[in-house]
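Me: I am new to this structure and would like to understand it slowly. Please take a close look at one part, the surfaces where pieces meet, and then set that part in its surroundings.

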There are 2 protein chains.
Amino acid sequence: MPYIIAIDCMGGDHGPSVTVPAALAFLRRHPAARVILVGQAGLLEPLLADAAADLAARCAVRHASQVVAMDEAPALALRNKKDSSMRVAIDLVKAGEAQACVSAGNTGALMAISRFVLKMLPGIDRPAICTVLPTMTGHVHMLDLGANVDCEPEHLRQFGIMGAMLAAAVDHAERPRVGLLNIGEEDIKGNEVVKEAAELLKASGLNFVGNVEGDGIYKGDADVVVCDGFVGNVALKTSEGLAQMLATFLKQEFGRSPWTRLAGLVALPVLKRFKARVDHRAYNGASLLGLRGISVKSHGSADAYAFEQAIGRAYEAASNGLLERIAAKLAELQTQQRVEKESV
Amino acid sequence: MPYIIAIDCMGGDHGPSVTVPAALAFLRRHPAARVILVGQAGLLEPLLADAAADLAARCAVRHASQVVAMDEAPALALRNKKDSSMRVAIDLVKAGEAQACVSAGNTGALMAISRFVLKMLPGIDRPAICTVLPTMTGHVHMLDLGANVDCEPEHLRQFGIMGAMLAAAVDHAERPRVGLLNIGEEDIKGNEVVKEAAELLKASGLNFVGNVEGDGIYKGDADVVVCDGFVGNVALKTSEGLAQMLATFLKQEFGRSPWTRLAGLVALPVLKRFKARVDHRAYNGASLLGLRGISVKSHGSADAYAFEQAIGRAYEAASNGLLERIAAKLAELQTQQRVEKESV
């Protein structure tokens, strides 16, 4: 069975002019995949006119009359936009016509509608947003990044399970290392929630490697880093801000005079390779985990290359059985807890 | 009156071989300043033998027989190390023989001993650690960075006051912009503590500019960024980890082949200027705020240049009347609250 990805083509800052070319580029790289392009058919179909026949054959267009605005209140989008491209894409996953959906639209609306339509996995209390970041040694999956601002230890345990199963599925890692984001000040190692979460993760049967400090995220100290959504969002945005500042400063220094511009020209191939290595576009696509379906959020400002990566992330999760893995792990842990309770 | 800085010369990874040359370099740049070098006299005095006479004349040596270990439990250091270089340096501030102290030793011990010896300022519940970070437009003071892992809104208000007075003192800024670190997800803007803190800061009489997201720290959205110690520590360490990773990748790319090494040689002056601009050593020296005395913490691994900056930070705070400013602001706010209460 080919895996089919439903794409909200109207979402994001650029809409179909980015999402449709990205979908075609994705199909070119994944010869077994299919997509359903969701949005205003009159806008989408002309963009397919010039597509190679083998790609166009793997694209279906599903008309949706509405669009969720980037600044629309999630509750209103949920209630009033039942024929939006975002809603229809998620409905396709629910109906089993697609195995995953992708949107560059409004994060809050995507979360609210995904949760409402797809429902939570049994044993998971709250959905979490998980992204991939580059590290010194490869990459890391980090969650939550903003869906939950006040977490209890049990939620962090669940994030650990979901993150580990995502890493296992898409990285083909048998026992991914799960770390808990914490601080390492001498006297006061973390707050109460984090301390209790560490105990739960130790007992979880996951490959829990203990605390990871902020710098450990990028050192590659773990394959999965778990934290509450407030801390995770701050860490992610802080990283984005720092990277942007450093890039600006580097550019300014090379632009300072004819002589430095010449040096920049000589160094250009090296700088380009450096840039490619840390290109945030390559890491685009955050997974909304904990749902009975795969829903991936792209940056609103994604270009075609970045949006293609987000589609790829949805495809990897679907084709590697992410949901089945999470469900199986949760069932295993529940059985284990039951056995432990009975033996007490 | 010359300002006198007490220096714990035994703290940090390198001890006197770094701290004494740093002190001499500091004196060279600050012709009106004096220092008291605290530590084992037999180790310190030989390092002064070759110093220029005008510098040596502004150095006093105060013998201290003990050293607080980098991994020593703060409570034990407080109880058992009453003649440690760290304790004696802080005692000198308490006694009024010095106007500030600096240490590269154990953070937890420095915090515990500073708090015990110097006591809290009236109106401040908890001390906070405040550091300076570079931004696109200058620099920012950020606090707390790990002294407090569970903060109430009132604590964040107090951090705002202390940070603003620090910025006013050392940057000569009349109304520094105070921001509250928060997340910007569409539906859920921050947790309850942060929401309440925003209300308190709005009513504080400070120049409160509202929420700052992680990337806003480096964009220069505020002169002072307030957060709890857990979040602040994660943001700081995450930044350190990312900067280190990017530096490593840049080095690797320039070291890849004879051709890229040549390009690196051509670009070297530019890369050096870039590096100088974001050199974390230039930002060394975190202020422990909220105490009735000035205590500055240097990175344990600081070299002489970095440690000199930390001494400079202590000197700036002392010579610009940091404590007087915080006390005056607190008094002003208390009077204001009293007037408001009476008028109700």
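Reply: A residue is called buried if 20 or more other C-beta atoms lie within 10 Å of its own, exposed if 12 or fewer do, and partly exposed in between, with the C-beta atoms placed from the backbone. By that count Lys119(B) is exposed, with 12 other C-beta atoms within 10 Å. This is a predicted model, in which local features need pLDDT of at least 70 and side-chain atom pairs count only at pLDDT 80 or more, while totals for chains, interfaces and linings use all residues. Residues are numbered from 1 along each chain as its sequence is written, and chains are lettered from A and ligands numbered from 1 in the order in which they are written.

The part to look at closely is the surface between the chains. Two residues are said to be in contact if their C-beta atoms, placed from the backbone, lie within 7 Å, and on that basis 53 residues of chain B are in contact with 53 residues of chain A. On the side of chain B that touches chain A, at least two residues each are supplied by α6 (107–118), α9 (214–219), α10 (229–254) and α11 (258–277) of chain B; these names refer to DSSP runs numbered from the N terminus, where helices are H or I with at least four residues and strands are E with at least two. The largest share of this side, 21 residues, is the contribution of α10(B). Sorted by class, the side of chain B that touches chain A has 26 nonpolar, 15 polar and 12 charged residues, where Ala, Val, Leu, Ile, Met, Phe, Trp, Tyr, Cys and Pro count as nonpolar, Asp, Glu, Lys and Arg as charged, and the others, Gly among them, as polar.

How the copies are related can be stated as well. A turn of 180 degrees with a shift of 0.0 Å along the axis lays chain B on chain A with an RMSD of 0.0 Å, the superposition being made by least squares on the C-alpha atoms of residues with pLDDT of at least 70 in both. That is the relation of a two-fold axis. In keeping with this topic, 100% of the interface residues of chain B are also interface residues in chain A, so the copies meet through the same surface.

There is also a meeting surface inside a single chain. Chain A is divided into domain 1 (1–122 + 290–320) and domain 2 (125–282), with bounds that come from an automatic or database domain assignment, and the centres of these domains, taken over C-alpha atoms, are separated by 26 Å. Here 13 residues of domain 1 of chain A are in contact with 11 residues of domain 2 of chain A. On the domain 1 side, α6 (107–118) and α12 (304–319) of chain A each supply at least two residues, and the largest share, 5 residues, comes from α12(A). The residues of that side of domain 1 divide into 6 nonpolar, 3 polar and 4 charged.

As for the chain as a whole, chain A holds 13 helices and 11 strands. Its radius of gyration is 21 Å, close to the 20 Å that the globule rule gives for 344 residues, so chain A is as compact as a globular protein of that length; the radius is taken over C-alpha atoms, and the rule is 2.2 Å times the number of residues to the power 0.38. Buried residues make up 54% of the 344 residues in chain A.

Strand β1 (residues 4–8) of chain B shows burial at close range: 5 of its 5 residues are buried, so the strand is largely enclosed by the rest of the structure. Ile4(B), Ala6(B) and Asp8(B) point one way from β1(B), whereas Ile5(B) and Ile7(B) point the other way. In a regular strand the side chains alternate between the two faces of the sheet. Strands pair if DSSP finds at least two bridges between them, and 5 bridges join β1(B) to strand β2 (residues 34–39) of chain B, the two running parallel.

To return to Lys119(B), this residue is found in the loop between α6 and β5 (128–134) of chain B, and it has a positive phi of about 70 degrees although it is not a glycine. Most residues other than glycine have a negative phi, and most peptide bonds are trans. The peptide bond from Leu143(B) to Asp144(B), however, is cis, with omega near 0 degrees, and Asp144(B) lies in the loop between β6 (139–143) and α7 (153–171) of chain B.
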